[in-house]
Amino acid sequence: MSAQKAFVLTIRCPDRVGIVAEVSRYLAEQGCLITEANHHADQALNQFFMRNEIADLEGDLDAFKQGFQAIADRFEMTWRLQPKRDKKKVIIMVSKQDHCLADLLYRWSSGELAFDLVAVISNHQDQASLVGWHQVPFIHIPVLPENKAQAFSEVVNWVEHYQADTIVLARYMQIIPPELCERYPGQIINIHHSFLPSFVGAKPYHQAYERGVKLIGATCHYVTQELDAGPIIEQDVARITHSESAQEMVVIGKDVEKAVLSRGLKYHLEDRVIIYGNKTVVFA
């Protein structure tokens, strides 16, 4: 199998008989080998979701897409065909806490996560040396109440400069303006240090401590205009007891945050996430 001929095909459409058969028939006619196949039917919404990894796509790619579009029109499909070899260009945004950033830098530098890290943007200088050690551009953009619009305009300029297609908020403690959410839908990934939808906003571990919960967690989700309410990609929890203080819960939670963010980002990088409404189908 040549990496140059490997693609990921993702599909969403109204559910009906014959979708898998028709897609499989077309791929076989084009000489494509299906190396991984996933599909899901949401009966409540009458929606069908499919993700196929295909290899050995021969011939003209435009002709392939044109032929598939006829099927897509018939089944009212929303679809994407992405080369597997293409690495997404990622910008990480961070504030002062380094645990998620350091974890992502390790997974990137070791090749565990395959992406092109083009820059790290921060509203503080705390992580400049860590980022510099990894030989990644570090961009300091202070965010103050009086310059917030200008600051995020500068963020947009850097995103466009690097042609980044994914922005990861690795404990970036600023609310993303609505205009950025609209500009980059399904491209901004956040880690929230709580098992959403519980305990949104600031200091969720302290909120959890006050409620005496027995499980704390973290949520990786896409950023939307509504705070901490975007489509969820990945979640996990850790069990705690009455003996843990709020600060001890923070320490336990950091391990969960790192794992959840890295898994959520991996699913996004591999085009395993299909968004519909405020929900996702994740073919993990």
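**Entry 1: burial and a pair between helices**

I began by fixing my terms: a residue is buried when its relative accessible area is under 20%, exposed when that area is over 50%, and partly exposed in between. I also noted at the start that this is a predicted model, and I kept that in mind for every value below.

With those cut-offs I looked up Arg74, which has a relative accessible area of 44% and is therefore partly exposed. Its partner Glu22, at 15% relative accessibility, counts as buried because that value is under 20%. I found that Glu22 and Arg74 form a salt bridge, in which the closest N and O atoms are 2.9 Å apart. The pair links distant parts of the chain, since Glu22 sits in helix H1 (residues 19–29) and Arg74 in helix H2 (residues 61–75), with their positions 52 residues apart in the numbering.

I wrote one general remark beside this: side chains of opposite charge can pair when their charged atoms come close.

**Entry 2: other salt bridges**

How many salt bridges does the count come to? I recorded 19 salt bridges, and I followed some of them by hand.

I turned next to Asp103 and Arg107, whose side chains meet in a salt bridge at 2.6 Å, N to O. Both residues lie in helix H3 (residues 99–109), four residues apart, which is about one turn of the helix. I checked their burial too: Asp103 is buried with a relative accessible area of 14%, and Arg107 counts as buried at 17% relative accessibility.

Then I looked up Glu234, which forms a salt bridge with Arg263, the closest N and O atoms being 2.6 Å apart. This pair links distant parts of the chain, with Glu234 in strand S11 and Arg263 in helix H8, 29 residues apart. I noted that Glu234 is buried, at a relative accessible area of 16%, whereas Arg263 is partly exposed, at 27%.

I also wrote down a network of salt bridges, which links Glu36, Arg51, Glu53, Lys84, Lys266, Glu270 and Arg272.

**Entry 3: the largest pocket**

I then looked for empty space, remembering that rolling a probe the size of a water molecule over the atoms shows where such space is left. The largest pocket has a volume of about 760 Å³. It is lined by 34 residues, and those closest to its centre are Arg80, Lys88, His268, Asp271 and Val273. Which elements give two or more residues to this lining? I listed strand S1 (7–14), strand S3 (47–55), strand S4 (78–83), helix H8 (246–269) and strand S12 (273–276). The largest share, five residues, comes from S4.

I sorted the lining of the largest pocket by class as well, and I recorded 12 nonpolar, seven polar and 15 charged residues.

**Entry 4: the second largest pocket**

The second largest pocket holds about 420 Å³ of space. Of the 22 residues that line it, I noted Tyr172, Gln174, Ile175, Leu227 and Asp228 as the closest to its centre. Strand S9 (residues 188–192) gives the most to this lining, with three residues. Sorted by class, the lining of the second largest pocket has 11 nonpolar, eight polar and three charged residues.

**Entry 5: a nonpolar patch on the surface**

On the surface I looked up a nonpolar patch of about 240 Å², which is made by Phe195, Leu215 and Val237. Val237 belongs to strand S11 (residues 232–239), the strand that also holds Glu234. Why can Val237 be part of a patch? I reasoned that Val237 qualifies because its relative accessible area is 35%, and a patch residue needs over 30%.

**Entry 6: two residues with positive phi**

Last, I looked at the backbone, where most residues other than glycine have a negative phi. I noted Asn46, whose phi is near 55 degrees, a positive value in a residue other than glycine. Asn46 lies in the loop between strand S2 (33–42) and S3, and at 40% relative accessibility it counts as partly exposed.

I found a positive phi at Asp56 as well, near 60 degrees, and this residue too is other than glycine. Asp56 lies in the loop between S3 and H2. Is Asp56 buried or partly exposed? I recorded Asp56 as partly exposed, because its relative accessible area of 25% falls between the cut-offs of 20% and 50%.

Technical notes: Residues numbered from 1 in each chain as written. Predicted model: local features only at pLDDT ≥ 70, side-chain atom pairs only at ≥ 80, totals over all residues. Heavy atoms only, no water. 1 Å grid on protein atoms, 1.4 Å probe; cavity = no way out; pocket = protein on both sides within 12 Å on 5 of 7 lines; lining within 4 Å. Points joined across faces, edges and corners; volume = space filled by probe spheres on them. Nonpolar A, V, L, I, M, F, W, Y, C, P; charged D, E, K, R; others polar. Patch = residues over 30% accessible without salt bridge, like charges linked within 9 Å, V, L, I, M, F, W, Y side chains within 5 Å. Areas by Shrake-Rupley, 256 points an atom, 1.4 Å probe, with all protein chains shown as cover. Salt bridge = Lys/Arg side-chain N within 4 Å of Asp/Glu carboxyl O. Buried < 20%, exposed > 50% of the residue type's maximum accessible area, 1.4 Å probe, protein only.
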